[in-house]
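Visitor: I'd like to learn how to read helix packing and disulfides in a model. Can you walk me through it?

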Amino acid sequence: MTSADAPPSLVVLRTLLVLGVVLVMLATTGWTTVRHRQASGTTMEAALAAWAGDRTGGGPPPDPAAAPPRTVAAWFAALGPARARGLADRHPFVVGNLDGAPPELRYRANRTALARTLAAERARPYDPRLTPEGRHEARRRVDRLASLLSPGRHVLAFDPTGTGRVAEVLGDLDRARRVTVVVPGVDTNLLTFQKTGGPYTAPVGMARALYETERRTAPGTRVAVIAWADYTAPARVGVDAATGRLAALGADRLVRLTEGLPGTARIALACHSYGSVLCGLAAPRLPDRVTDLAVAGSPGMRAETAADLGTRARVWAMRDAGDWIADVPHLEVGGVGHGPDPVEPEFGARILSAAGARGHTGYFTPGTESLANFAAIGAGAFGRVVCARADSACRGGISGGPGSGRA
């Protein structure tokens with residue numbers, strides 16, 4: 001019996017079951033946060049208005065919301081370096097988030113945007129109008145902004161409004177032959193982008209561990225990794241984590257990112273938890289250079305099977321034996337829940353070993369087979385992939401594994 005065939009009472013029961021289990025699991029695993037205040041300083045609305053009025057190129061600049069990344073790239077190429085740098089300095093909040101703009105230009109713009117935001121927020125931890133919790137949050141935000149301004153960090157995207165969005169690059173995007181994008185899950189924002197305690201549960205720690213492991217896995221391959229927290233993730237116990245609304249909005253942003261990356265590098269997506277929902281929704285629109293889509297601890301990808309994702313990319317899935325996500329009902333009823341379990345054989349993904357991951361948040365911990373598998377896929381070293389089963393079926397048809405195929 002399908003959900004459409006079920007009597008109304010059963011549909012309601014299933015819906016409540018999905019919501020109840022998801023919310024209990026989220027509440028008991030620390031996936032809650034307090035929403036942050038709107039950032040001080042230049043608003044994105046004002047920045048976009050100023051950008052629209054600029055005539056450096058002899059006419060209106062590309063619309064950040066509508067212009068395809070390839071159009072943006074061509075427009076900046078025609079400007080020349082000097083005028084492009086001038087635009088980045090005048091409009092940092094726009095250029096720093098503009099897919100298709102040269103990465104070095106975006107890094108420059110985001111350094112300016114971060115510095116302006118930090119200057120505007122330095123006094124907030126001492127604001128007597130804030131509650132003690134508010135002052136603590138303001139201190140954390142100032143510390144995060146200062147950390148992102150540290151020498152050697154390459155910030156590809158930065159939006160300070162709301163809870164904040166950010167993305168950081170490890171490696172050289174312009175020269176890389178393989179790029180991996182780490183797509184994290186619930187409770188991802190500016191403050192949780194990096195953690196001192198439990199570093200490998202946050203996007204920066206995930207990406208750093210993956211980057212170093214990829215370099216060791218394939219030392220002759222130029223790789224880059226992006227810690228991508230450039231979407232609004234669910235942040236509270238509520239329906240957002242059990243529905244696909246925020247994932248759908250994030251999927252639009254992820255597609256634009258992959259379309260706007262420079263060069264011809266092959267791209268892999270390493271998607272964790274709710275990030276796998278986002279990756280599943282993005283899958284049909286990803287460019288062909290996205291060759292691999294790997295998920296860990298997935299609540300579902302909003303597709304009945306891997307084939308239904310509508311992508312040419314290889315689909316990989318893994319889950320640690322102790323991951324509580326296995327107990328979440330893998331259903332989708334009336335928009336609630338995310339569908340079948342990607343690690344079930346019927347889904348049709350290539351099933352990877354996650355040995356050593358230890359629960360839901362340990363997939364990027366150094367020394368685990370889960371991290372080693374993400375790295376092997378990202379670096380294109382498919383002969384080093386460890387399947388969940390001894391027959392190595394997950395490597396079938398790939399160069400470096402049994403048979404042959406697109407590597």
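Guide: Start with the helix pair: α6 and α7 are roughly antiparallel to each other, a label for angles over 145 degrees (under 35 is roughly parallel, 65 to 115 roughly perpendicular, the rest oblique). This is a predicted model, where local features need pLDDT of at least 70, side-chain atom pairs count only at pLDDT 80 or more, and totals for chains, interfaces and linings use all residues. Residues are numbered from 1 along each chain as its sequence is written, and side-chain values use heavy atoms, leaving out hydrogens and water.

Visitor: At what angle do helix α6 and helix α7 pack?

Guide: About 155°, with the axes 10 Å apart; α6 covers residues 103-121 and α7 residues 132-148.

Visitor: Which residues make the contact?

Guide: Contact means heavy atoms within 4.5 Å. Here α6 brings L114, T117, L118 and E121, while α7 brings R141, V142, L145, A146 and L148.

Visitor: Now the disulfides: how many are there?

Guide: A disulfide is a pair of cysteine sulfur atoms within 2.5 Å. The count comes to 2. One joins C271 to C279, S to S 2.1 Å; in the other, the sulfur atoms of C387 and C394 are 2.0 Å apart.

Visitor: Why is the link of C271 and C279 left-handed?

Guide: Because the torsion about its S-S bond is about -90°. The link of C387 and C394 is left-handed too, with -85°.

Visitor: Are C387 and C394 buried or exposed?

Guide: Buried means under 20% relative accessible area, exposed over 50%, partly exposed in between (1.4 Å probe, protein chains only). Both C387 and C394 are buried, and C271 and C279 are buried as well.

Key: Axes are lines fitted to C-alpha atoms, for helices over the stretch in contact, and angles run from 0 to 180 degrees between N-to-C directions. Helices (H or I, at least four residues) and strands (E, at least two) are DSSP runs, numbered from the N terminus.
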